[in-house]
Amino acid sequence: RFSTAVAVEEPITPPVQVHHTQLLINGQFVDAASGKTFPTLDPRTGEVIAHVAEGDVEDVNHAVAAARKAFDEGPWPKMTGYERSRILLRFADLIEKHNDELAALETWDNGKPYEQAANAEVPMLVRLMRYYAGWADKIHGLVVPADGPHHVQVLHEPIGVAGQIIPWNFPLLMFAWKVGPALACGNAIVLKTAEQTPLSALYVSKLLHEAGIPEGVLNVISGFGPTAGAALASHMEVDKLAFTGSTDTGKIVLELAARSNLKPVTLELGGKSPMIIMDDADVDHAVELAHMALFFNQGQCCCAGSRTFVHEKVYDEFVEKAKARALKRVVGDPFRKGVEQGPQIDEEQFNKIMRYIKSGVDSGATLQAGGDRLGSKGYFIQPTIFSDVKDGMPIAQEEIFGPVQSILKFSDLNEVIQRANTTRYGLAAGVFTNNLDTANTLMRALRAGTVWINCFDVFDAAIPFGGYKMSGQGREKGIDSLKNYLQIKAVVTPLKNP
Ligand code: ADP
C-alpha cells in the first residue's frame with residue numbers, strides 16, 4: 001500500500017560524519033569522568049551511529065563549576081551587550097554556512113525528513129540566534145517614581161548559571177529556545193541534551209566557540225535523565241532551570257528544584273491540542289491543515305493537533321478525505337527526497353504508539369487508515385486515523401506523540417468549547433472557520449497558550465510559546481522569554497534636593 005516501504009529497507013548513507021561525541025566542558029571536549037559511553041541509534045534501522053560520552057553527577061559538577069567561574073569571573077556577563085550580540089551574529093552565520101551538514105546530522109540522529117531539517121529547523125535556529133542577538137544590547141532596567149524623596153532604579157541583571165534540559169523531537173530548535181535568551185541576557189549555561197539525540201547540539205556548540213564565546217559559558221552534557229538531568233535540576237549552584245519534556249518528568253524536575261535551592265523553573269510540557277473544524281470550513285483545506293497539525297514531525301510535537309473536532313455537518317466528508325490524505329502520505333527513508341514522514345525516534349516510543357493504536361481499537365474507535373508498523377526494520381509507523389473517537393477514550397486524553405489522528409464529532413459551539421477544554425493540558429489549539437464571530441468566541445474561550453486560527457504550527461522568533469494548566473509554566477521565545485533569564489534588582493537612594 002505504501003510504495004516507499006522499500007526505501008526503509010535500504011537506508012541511504014547519510015551525507016555527514018560524526019565529529020563530536022564527548023562532553024563539552026569549559027570549552028573543551030572531554031570524556032565522561034566515569035569513562036562510560038552510550039550508543040545513539042539510527043531510528044531508520046536501530047543500528048548504532050556513534051558511542052557518546054555518558055555524563056553523570058561528577059560531570060555535571062564539573063560543568064556547573066565551569067559555568068559558575070565563567071559567570072562569576074567573566075568576561076561574558078561583563079561584556080557589553082553589543083559584544084555579546086556580535087558573537088551571536090557570528091554564530092548564526094556559521095550555522096548558516098554548515099546548514100546542510102547540521103541538517104543531515106539531525107535527520108540521522110532523529111529520523112525527521114532531511115528536507116524539513118534543512119529548510120525549516122536549521123534556518124529557524126539561525127533566525128532565533130539573530131533574534132536574540134538583536135535583544136542582547138537592548139536589555140535594560142528602568143527608573144521608577146517613588147512616593148518619598150528617593151531615586152529608584154530597577155536593574156535587570158543576568159540570573160547566573162542556567163541549567164537547561166531539552167527533549168529529542170526538535171533537538172536544534174529546543175537548543176535555540178533555551179540557549180538564545182540565556183546568552184542574550186549574559187548568563188552561563190549547562191545544557192543536558194536528550195539521550196536519543198545528543199549529536200547536533202555538540203556540533204553547533206563547537207561553532208559557538210568558533211564564533212568567540214568565552215570558555216565555560218556554554219557546557220553541554222550528553223546523558224540520561226535520572227542521572228545527569230536530575231543532578232542538574234537539584235544542583236545547589238544552578239540559579240535557574242529550564243525544562244522541556246513530558247508532564248510527568250516536569251513534575252519531577254520541579255520537585256528537585258524546590259527541594260534543593262528553590263531555583264526558579266520554566267516548564268514546557270505535554271499537550272493534547274484540539275483542532276476545531278467548523279461547518280463553514282472548506283473541507284479540502286481543513287483536511288490538509290488538520291493532517292499537517294497532527295502528522296508533522298512524525299506526530300512528535302508537544303503541540304500536535306491530536307484531537308480533531310469536526311462539525312457533524314461536514315464530518316463524513318472530512319473523515320473520507322482525511323483517510324485518503326493519510327493513505328497518500330509518503331513514509332520512508334528521511335534522506336529520500338519527497339518523503340513526508342520518517343521513523344519514530346526509538347523503540348520505546350514506537351511500542352508506546354503501537355499500544356495506543358491497540359487501545360483505540362479496543363475502546364471502540366473506528367480504524368480508518370494505518371494501524372500497523374511499516375517495513376521490518378527501524379521504527380516506521382503507518383499514518384493512522386481513528387474516527388468515532390469519544391472524549392473518555394485514552395487516545396483522546398493522553399499524549400500519543402505519534403502519527404495517530406483522532407477524529408471526534410461535535411454539533412455546536414458551546415459543546416466543542418467545553419469538550420476542547422476538558423483535558424489536563426492547555427498548550428495549543430487550532431480553529432478553522434470563516435466566521436469572524438465564531439473565531440473570536442473560540443479564541444477567547446480556549447484555554448491554551450497558543451490559538452492558531454486558520455493555520456497551525458506557525459512559529460516565529462517573536463511569538464511567545466508555552467502552556468496553560470499542566471502544559472507548563474512560563475513562556476519561551478519573544479520578549480517574555482528574556483524574563484526567565486533576568487534577575488531584578490531595586491536600588492533606592494535618598495534625594496537630597498528632590
Ligand atoms: P520523553 O518522554 O519525551 O523522552 P522526558 O520528559 O522523559 O520526555 O525527557 C525530556 C528530557 O528530560 C530528556 O533530556 C531526559 O533525559 C530528561 N529527563 C528524563 N527524566 C529526568 C529526570 N528524572 N530528571 C531530570 N531530567 C530528566
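Trainee: Which residues does UniProt give for the feature "domain: Aldehyde dehydrogenase"?
Mentor: Residues are numbered from 1 along each chain as its sequence is written. This is a predicted model, in which local features need pLDDT of at least 70 and side-chain atom pairs count only at pLDDT 80 or more, while totals for chains, interfaces and linings use all residues. UniProt positions follow the numbering used here, with feature names shortened, and annotations may be inferred rather than shown by experiment. In an unreviewed entry, UniProt places this domain at residues 29-491.

Trainee: How much of the chain over residues 29-491 is helix, and how much is strand?
Mentor: Helices (H or I, at least four residues) and strands (E, at least two) are DSSP runs, and they are numbered from the N terminus. Over residues 29-491 the end C-alpha atoms are 41 Å apart, and the chain is 41% helix and 21% strand.

Trainee: In which strand does Glu 268 lie?
Mentor: This residue deserves a look, since UniProt lists Glu 268 under "active site" in an unreviewed entry. Once neighbours within four places in sequence are left aside, the contacts of Glu 268 (C-beta atoms, placed from the backbone, within 7 Å) are Thr 244, Cys 302, Gly 466, Gly 467, Gly 472 and Glu 476. The strand that holds Glu 268 spans residues 265-268 and is β11.

Trainee: Is Glu 268 buried or exposed?
Mentor: A residue is buried if 20 or more other C-beta atoms, placed from the backbone, lie within 10 Å of its own, exposed if 12 or fewer do, and partly exposed in between. Because 28 other C-beta atoms lie within 10 Å of Glu 268, this residue is buried.

Trainee: Which helix gives the most residues to the largest nonpolar core?
Mentor: A nonpolar core is a set of buried Ala, Val, Leu, Ile, Met, Phe, Trp, Tyr and Cys residues joined through C-beta atoms within 7 Å, and in soluble globular proteins nonpolar side chains tend to be buried together. The largest such core here has 146 residues, and those with the most contacts inside it are Met 129 and Ile 277. Twelve residues of this core come from residues 114-136, which form the helix that gives the most, α5.

Trainee: Which residues does Met 129 touch, not counting those up to four places away in sequence?
Mentor: Met 129 is worth following, since it is one of the residues with the most contacts inside the core. With that exclusion, its partners are Leu 88, Phe 91, Ala 92, Ile 95, Ala 176 and Gly 180.

Trainee: Which element gives the most residues to the shell around the ligand?
Mentor: The ligand is surrounded by 17 residues (C-beta atom, placed from the backbone, within 6 Å of it), the closest being Gly 225, Gly 229, Gly 245, Ser 246 and Thr 249. Two or more residues come from each of α8 (225-233) and α9 (247-260). With five residues, the element that gives the most is α8.

Trainee: Which residue in β9 stands opposite Lys 192?
Mentor: Strand β8 (residues 188-192) and β9 pair in the parallel sense over four bridges, where pairing requires that DSSP finds at least two bridges. In β9 (residues 218-221), Leu 218 and Val 220 point one way while Asn 219 and Ile 221 point the other way, and all are buried. Opposite Lys 192 stands Ile 221.

Trainee: What distance separates the C-alpha atoms of Glu 195 and Leu 41?
Mentor: Glu 195 sits in the loop between β8 and α7 (199-210), and this residue is buried because 20 other C-beta atoms lie within 10 Å. Beyond its neighbours within four places in sequence, Glu 195 is in contact with Phe 38, Gly 223 and Phe 224. Although Glu 195 and Leu 41 are 154 residues apart along the chain, their C-alpha atoms are separated by 9.9 Å.

Trainee: Where is Pro 75 found?
Mentor: The peptide bond from Gly 74 to Pro 75 is cis, with omega near 10 degrees. Pro 75 is in the loop between α2 (57-73) and α3 (81-97).

Trainee: Is Phe 401 buried or exposed?
Mentor: Phe 401 lies in the loop between α13 and β16 (404-410), and its phi is near 60 degrees, a positive value in a residue other than glycine. Because it has 24 C-beta neighbours inside 10 Å, Phe 401 counts as buried.

Methods: Contact = placed C-beta atoms within 7 Å.
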